[in-house]
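Q: Could you take me through one strand and its surroundings, step by step? I am new to this, so please explain the terms as you go.

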Amino acid sequence: MPHRDPDPRTLLHDHYGPEAAYAVAREAELPTARWEAEVRRGLELGLPGADSIVDRRIPTFSRGELPHFAGINTFLKAPFLEDVRRCGEYDVAVLGAPFDGGTTYRPGTRFGPQGIRRISALYGPYSFELGVDLRESITIADLGDVFTIPANIEKTFDQISKAVAHVFASGAFPVVLGGDHSIGYPTVRGVAQHLSGNLGIIHFDRHVDTQETDLDERMHTTPWFHATDIPNVPPKNLVQIGIGGWQAPRPGVKVGRERGTTIMTVTDCVEMGIEQAAERALEVAWDGAEAVWLSFDVDCLDAAFVPGTGWPEPGGFLPREVLKFIQLVAERPLAGIEVVECSPPYDNAEITSLIATRVICDTLGCLVRAGHLPRKGTTDAGAGATR
Ligand SMILES: [Mn+2]
């Protein structure tokens with residue numbers, strides 16, 4: 001759906017700031033057809049509500065967005081797609097990679113997909129500032145989780161690569177719910193095998209994750225060493241944003257220096273301004289690349305905002321900084337996104353899962369706003385089954 005900038009001056013009084021003016025004016029342009037279809041579907045499949053219910057759009061059985069605390073917990077209440085062979089019928093395919101066998105300190109990210117799905121029920125499909133309604137714009141399916149092998153990193157990597165390759169080749173936009181960051185290697189491997197050109201990586205993290213092995217295995221501190229060994233994933237297209245603190249292992253820093261990756265610290269980004277930092281990150285990742293993968297480790301945020309993660313580190317980004325950064329990155333197309341290192345057993349009040357959800361929703365919203373989703377040539381088939 002091409003987005004037209006409404007002229008708020010013709011619609012609104014002049015007490016609004018520019019962002020609020022855009023948002024309030026834009027909402028009037030968003031369609032409601034798929035919301036109405038969802039209501040009709042709910043009444044048909046969930047039976048009309050009891051006689052005492054005044055709002056006749058309410059069914060007896062909850063079958064859509066409302067109430068937010070009800071229903072089966074898929075991501076954003078997207079339909080669960082049991083037959084993964086059909087994922088190409090959707091614009092976006094969400095898949096969990098519940099694996100924490102690569103963690104070197106706090107475990108628990110095997111519950112990351114569950115935690116993210118659970119709190120995603122809090123969200124509707126509409127973003128005020130972005131002026132986007134995902135339900136009206138794209139179709140999303142939740143494929144459930146990859147069958148990971150808890151005690152075997154390499155078999156798990158093979159499973160994840162096969163799953164991500166399947167989704168990416170289907171044409172659906174992959175959204176991977178981690179899982180610890182060791183999954184960054186197999187996800188990238190799954191995408192890269194379906195590209196003829198190079199794949200760039202935009203990597204948000206406090207940690208470089210570029211050493212060859214850790215504790216004698218390919219742990220969550222190693223994905224980018226192995227990913228940038230893939231012939232069409234050159235290290236010059238790896239940009240690492242938010243790195244810093246007392247947890248960056250020196251062997252990884254050495255590898256990055258020798259291979260020519262690009263590291264941007266929190267201070268570098270904040271002092272040059274998020275807009276300029278995003279521009280530089282995009283330049284590096286897209287330099288000669290055919291596609292770019294977004295790998296988001298929730299620990300790039302200050303430890304205060306992400307208690308539920310494997311290696312929390314103070315001094316990271318504020319949520320509004322990182323969300324602005326993500327929004328600018330998603331002005332350009334992406335091959336897919338993974339959000340990793342969310343560990344619900346260590347979380348408080350679901351705040352870490354909440355930021356993980358928010359990063360995904362903002363990414364999808366900005367891809368829609370920029371016209372990169374829905375995919376070109378996607379028909380309206382499947383509309384109404386969006387959620
Ligand atoms: Mn990290």
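A: Happily! Let's look at strand S1. Both of its faces are covered: Val92, Val94 and Gly96 on one side are buried, and so are Ala93, Leu95 and Ala97 on the other. Here, buried means that 20 or more other C-beta atoms, placed from the backbone, lie within 10 Å of a residue's own; 12 or fewer would make it exposed, and anything in between partly exposed. Because 6 of the 6 residues of S1 (residues 92–97) are buried, this strand is largely enclosed by the rest of the structure. Helices (H or I, at least four residues) and strands (E, at least two) are DSSP runs, numbered from the N terminus.

A word on the source: this is a predicted model, in which local features need pLDDT of at least 70, side-chain atom pairs count only at pLDDT 80 or more, and totals for chains, interfaces and linings use all residues. Residues are numbered from 1 along each chain as its sequence is written.

Now for the partners of S1. Strands pair if DSSP finds at least two bridges between them. S1 is joined by 6 bridges to strand S5 (residues 173–178), and the two run parallel; Gly96 has Leu177 in S5 as its bridge partner. With strand S4 (residues 140–145), S1 also pairs in the parallel sense, over 4 bridges, and there Ala93 stands opposite Ala141.

S1 also feeds into the largest nonpolar core, a set of buried Ala, Val, Leu, Ile, Met, Phe, Trp, Tyr and Cys residues joined through C-beta atoms within 7 Å. Among its 98 residues, those touching the most other members include Val92, Ala93 and Val94. Helix H12 (residues 351–369) provides the largest share of this core, 10 residues.
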